Amino acid sequence: MKKSKTGLGKRFATHLQLTLNTIKSNPFFATVRFDDIRCVGIKKFPCLVHYHINEEEQIVTILAVYSTYKEPLW
């Protein structure tokens, strides 16, 4: 059994916010992975933020924060 780490949730929230700020300031920096969905990793965590850009209205929609650690249960 893995030992839990104190403050891990807070660190995750901090890194997630940094990633969201990056997307907000430059939404086109991440590559398109699926159709028109872009993905960007969260530093120090095995997660991807999936998002879509409505280019006409310049609106970014966050679709998911997805863990890449384990195989998904579709």
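**View 1. The hairpin of strand 2 and strand 3, with Lys-44 in its turn.** In this predicted model, five residues sit between strand 2 and strand 3 in their hairpin. The two strands run antiparallel and are joined by five bridges. Look for Gly-41, which stands opposite Leu-48 in strand 3. Then move to the turn, where Lys-44 has a positive phi of about 70°. Most residues other than glycine have a negative phi, and Lys-44 is a non-glycine residue with a positive one. Is Lys-44 buried or exposed? At 75% relative accessibility, Lys-44 counts as exposed.

**View 2. The hairpin of strand 1 and strand 2, with Asp-35 in the loop.** Here strand 1 (residues 32-34) pairs with strand 2 in the antiparallel sense, over two bridges. Val-32 has Arg-38 in strand 2 as its bridge partner. This hairpin has two residues between the strands. Asp-35 lies in that loop and takes a positive phi near 50°, again in a residue other than glycine. With a relative accessible area of 78%, Asp-35 is exposed.

**View 3. Phe-12 and Phe-45, an edge-to-face pair.** The structure holds one aromatic pair. The ring centres of Phe-12 and Phe-45 are 5.2 Å apart and the planes meet at 80°, so this one goes down as edge-to-face. What does the pair link? It ties together distant parts of the chain, 33 residues apart: Phe-12 belongs to helix 1 (residues 8-25), while Phe-45 is in the loop between strand 2 (37-41) and strand 3 (47-54). As for exposure, Phe-12 is partly exposed at 24% relative accessible area, whereas Phe-45 is buried at 17%.

**View 4. The largest nonpolar core, a set of ten residues.** Phe-45 turns up again here, as one of the core's ten residues. The others are Leu-16, Ile-23, Ala-30, Val-40, Ile-42, Cys-47, Val-49, Tyr-51 and Ile-53. Which elements give two or more residues to this core? They are helix 1 and strand 3, and strand 3 gives the most, with four.

**View 5. Ile-53 and the residues it touches.** Zoom in on Ile-53, a member of that core. Leaving out residues up to four places away in sequence, Ile-53 touches Pro-27, Phe-28, Arg-38, Ile-59 and Val-60. Arg-38 is familiar from the second view, as the bridge partner of Val-32.

How values were computed:
Residues numbered from 1 in each chain as written. Predicted model: local features only at pLDDT ≥ 70, side-chain atom pairs only at ≥ 80, totals over all residues. Heavy atoms only, no water. Phe/Tyr/Trp six-rings, centres within 6.5 Å; stacked < 30°, edge-to-face > 60°. Buried < 20%, exposed > 50% of the residue type's maximum accessible area, 1.4 Å probe, protein only. Core = buried A, V, L, I, M, F, W, Y, C linked by side-chain atoms within 4.5 Å. Contact = heavy atoms within 4.5 Å. Pairing = 2+ DSSP bridges.
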